[in-house]
Amino acid sequence: RNVIIDCDPGIDDSLAIMLALSLEELHVEGITIVCGNSPVEMGAGNARKVLKQMNRLDVPIYLGAEKPLKREYVSALDTHGADGLGESWLPEVPETRQELDAVEFLSRTIRARAEEKTGCSVIALGPMTNLAHLIQTDPEAFSMIEEIVSMGGSFKSHGNCSPVAEYNYWADPDGAALVYETAASQRKKIVMVGLDVTRKIVLTPNLLEYMKRLNPETGQFVQAITKFYFDFHWQWEHIVGCVINDPLAVAYFIDPSICEGFESFVQIETEGISLGQSVVDSMNFYRKEPNAKVLTQVDTYRFFEMMLSRVLEVEPESLDILENVL
Ligand code: BDR
Ligand code: CA
């Protein structure tokens, strides 16, 4: 399936890019960058570092929004390190600048694939500002997106930026609100891969050690970019390991059977103390058509089976001790 990865690398975004590029089921058309975890230029630089590690510098990277739709930009460098990549300080990779910006690339690619009838989906792993700009400039192209899988929001789980708000939707609530509103008016459904499911995806020291044993080079790269994230999670969440949110959206995209969820109408709060909250009308108070599929359950074993076998390039059968490691 053709897909554009819209992201803000970011440690877990980088792991998601690694997973996406390891999947032969996916054709990654390009990577579009949005300001989020890191400012947009830094995010693009980090994406290049990941592409270099994967030997895939052929994948084009397009720069997107430098700031959210209305709010002031707030990065998450406190979580992802001063270089946005866990203070791994990997060498910079010279850029090959694309002429198109992220929104033009999204619009052209989605239209071209729709015309060919092969379709193009978007996996959104950062604030949804680029998609909001696409709606503002070419709403028809937005309507042609085959599937939108968004890491963001939360249903019953607490937030990670406020008691109720998750970072991607909190960082640009107006962008996220526009995307959900437009999905409702175009009768589309966004897959909301929120904290309810991503919090279950914890990369533990044991798992990391296992990864290094199975593929020392890739395992060491993962260790270099996640060390800071481990420390952050211990300090703020009292977790040994780190929650890797974004790769779950990629995994779900190619194998929806690893998650369960339900369809609902979802609205994003843009003001006040609940700013950025994803309000899920699970009891159908509003009597509105669902504009989202909200994920609530994940099979952690199957996620890590996919992640490890594909990224580390080992047969699933050789993950014989995965159950004990988890
Ligand atoms: C989301 O916010 C970012 O910090 C992560 O990359 C992820 O996309 C989790 O709230
Ligand atoms: Ca992200």
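These legends walk you through several views of a predicted model.

**View 1. The whole chain and its outline.** Start here to get your bearings: the chain is built with 14 helices and 12 strands. Taken along the principal axes, its C-alpha atoms fill a box of roughly 50 × 45 × 35 Å. A compact globule of 326 residues would have a radius of gyration near 20 Å, and the value for the chain, 18 Å, agrees with that.

**View 2. Inside the fold.** Looking into the chain, you meet many residues tucked away from the surface: buried residues make up 57% of the 326. Contacts also reach across the sequence. Among those between residues at least 6 apart in sequence, 79% join residues at least 24 apart.

**View 3. The calcium ion (ligand 2) and its protein donors.** Here the ion lies 2.3 to 2.6 Å from its protein donors. Asp8, Asp13 and Asp246 donate through OD atoms, with Asp13 listed twice, while Leu125 offers its O atom. Along the chain, these donors follow the spacing D-x4-D-x111-L-x120-D.

**View 4. A closer look at Asp8 and Asp13.** Two of the calcium donors deserve a second glance. Asp8 has a relative accessible area of 0%, so it counts as buried, a label for values under 20%. Asp13 is likewise buried, also with a relative accessible area of 0%.

**View 5. The surface and its charges.** Finally, step back to the outside, where the accessible surface of the chain comes to about 13900 Å². Carbon and sulfur atoms account for 49% of that surface. The chain carries 27 positive and 49 negative side chains, and the centres of these two sets lie 3 Å apart.

Definitions and conventions:
Residues are numbered from 1 along each chain as its sequence is written. Chains are lettered from A and ligands numbered from 1 in the order in which they are written. This is a predicted model: local features need pLDDT of at least 70, side-chain atom pairs count only at pLDDT 80 or more; totals for chains, interfaces and linings use all residues. Side-chain values use heavy atoms; hydrogens and water are left out. Donors are N, O and S atoms within 2.8 Å of the metal (3.2 Å for Na, K and Ca); water is not among the atoms, so sites may look incomplete. Buried means under 20% relative accessible area, exposed over 50%, partly exposed in between (1.4 Å probe, protein chains only). Helices (H or I, at least four residues) and strands (E, at least two) are DSSP runs, numbered from the N terminus. The radius of gyration is taken over C-alpha atoms; the globule rule is 2.2 Å times the number of residues to the power 0.38. Contact means heavy atoms within 4.5 Å. Accessible areas come from the Shrake-Rupley method with a 1.4 Å probe; for residues, only the protein chains shown count as cover. Lys and Arg count as positive and Asp and Glu as negative; His and the chain ends are not counted. The place of a charge is taken as NZ of Lys, CZ of Arg, CG of Asp or CD of Glu.
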